[in-house]
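Subject: Handing over a structure, with notes on what was found

Dear colleague,

Please find the structure below, followed by a description of what was found in it. The notes go from the interior to the strands and end with some backbone details.

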Amino acid sequence: MPATLGALEFSLLYNPENSSLHCAIIKAKGLKPMDSNGLADPYVKLHLLPGASKSNKLRTKTLRNTRNPTWNETLVYHGITEEDMQRKTLRHARGLVGGMLCGGGFPCATRTSLATMSFIGETRVALKKVKPNQKKNFSICLERVIPMDPGNNVEERGKILVSLMYSTQKGGLIVGIVRCVHLAAMDANGYSDPFVKICLKPDMGKKAKQKTQIKKKTLNPEFNEEFFYDIKHSDLAKKQLDISVWDYDIGKSNDYI
């Protein structure tokens, strides 16, 4: 493993009595310099995998101008069952600015003056290595992000059922958004407030964009909505239909599912 990326020291303690996982982020050493001054502004993000909920992601404070940061911060996950400890992986990512995370473990990132994110590296720990009520210490070299195998490691974020039909009678494309199942939970309550956006590209302007109603507090929304695009059949081959699912958040930007 390339020592030039640096190493992360941390400990994990699982308490089955109150279903909590304590992640003590101690320090890092020899981090790769990410800024023009030869230093970095690192922080650590934690991500429990599999899982896309916001409650699965925690992060430390950002430390300025250092390649050897000492955090001594403990981040706690609540509601972790013994079954979770057997099947989940903790990802630590380091070295981002503003915080970009990849996969499941400990990513390390660095913050830049332009508020962009520069990924330094990550570590991943299978939680089944941690025994109940026994603190386990780790000192692990950071790794580059390895592209995930589409056949095995891509996190399932749900499925959507749609229908497409060209109506010669109406002279247009009918898009049906039927339902979604097993969506990723994006809210702290373990649910999402999903809706679907569709957009016919290119060159359709505002009339190309459509969206469904919002379904509250569900991971298996039933939409059963249809949308019509006035378009010649001969033009379909030149078009692309983008379909995306979002979690509605009041008073802030919506989350992409």
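In this predicted model, the largest nonpolar core comprises 26 residues, and those with the most contacts inside it are Leu8, Leu12, Leu21, Ile25, Leu46, Tyr77 and Leu90. At least two residues of this core come from each of strands S1 (7-15), S2 (20-29), S3 (42-49), S5 (70-78) and S8 (117-126). There is also a second, separate core, which has 20 residues and includes Ile177, Ala185, Met186 and Ala208. As background to both, nonpolar side chains in soluble globular proteins tend to be buried together.

Strand S1 deserves a closer look. Seven of its nine residues are buried, so S1 is largely enclosed by the rest of the structure. Strand S1 pairs with strand S9 (residues 136-141) through six bridges, the two running antiparallel, and within that pairing Leu8 stands opposite Ile140. Strand S1 also pairs with S2, again in the antiparallel sense, over nine bridges, and here the bridge partner of Leu13 is His22 in S2. Strands S1 and S2 form a hairpin with four residues between them, in which Ser19 takes a positive phi near 55°.

Further along the chain, an open sheet of four strands is arranged in the order S13-S12-S15-S16, with antiparallel pairing. Strand S13 (209-211) and S16 stand at the edges of this sheet, and because each has a single partner strand, one side of each is left without a neighbour in the sheet. Inside the sheet, strand S12 (residues 194-201) and strand S15 (residues 240-247) pair over eight bridges in the antiparallel sense, with Val196 facing its bridge partner Val245 in S15. The pairing of S15 with strand S16 (residues 255-256) is likewise antiparallel and covers two bridges, and in it Asp247 stands opposite Asp255.

One feature of the surface may also be worth your attention. Ile160, Val162 and Ile243 make a nonpolar surface patch of about 190 Å². Of these, Ile160 lies in strand S10 (residues 159-167) and is partly exposed, because its relative accessible area of 35% falls between the limits of 20% for buried and 50% for exposed.

Finally, some points concern the backbone. A cis peptide bond, with omega about -10°, joins Lys201 and Pro202, and Pro202 is found in the loop between S12 and S13. Asn72 has a phi near 50°, which is a positive value in a residue other than glycine; Asn72 lies in strand S5 and, at 58% relative accessibility, counts as exposed. Lys217 is not a glycine either, yet has a positive phi of about 50°. Lys217 is found in the loop between S13 and strand S14 (222-230), and with a relative accessible area of 51% Lys217 is exposed.

If you would like somewhere to begin, you could look at Leu8, one of the residues with the most contacts inside the largest nonpolar core, and then follow the bridge to Ile140 in S9. From there you could turn to the open sheet and trace the strands in the order S13-S12-S15-S16.

With best wishes

How values were computed: Residues numbered from 1 in each chain as written. Predicted model: local features only at pLDDT ≥ 70, side-chain atom pairs only at ≥ 80, totals over all residues. Heavy atoms only, no water. Core = buried A, V, L, I, M, F, W, Y, C linked by side-chain atoms within 4.5 Å. Buried < 20%, exposed > 50% of the residue type's maximum accessible area, 1.4 Å probe, protein only. Patch = residues over 30% accessible without salt bridge, like charges linked within 9 Å, V, L, I, M, F, W, Y side chains within 5 Å. Areas by Shrake-Rupley, 256 points an atom, 1.4 Å probe, with all protein chains shown as cover. Salt bridge = Lys/Arg side-chain N within 4 Å of Asp/Glu carboxyl O. Pairing = 2+ DSSP bridges.
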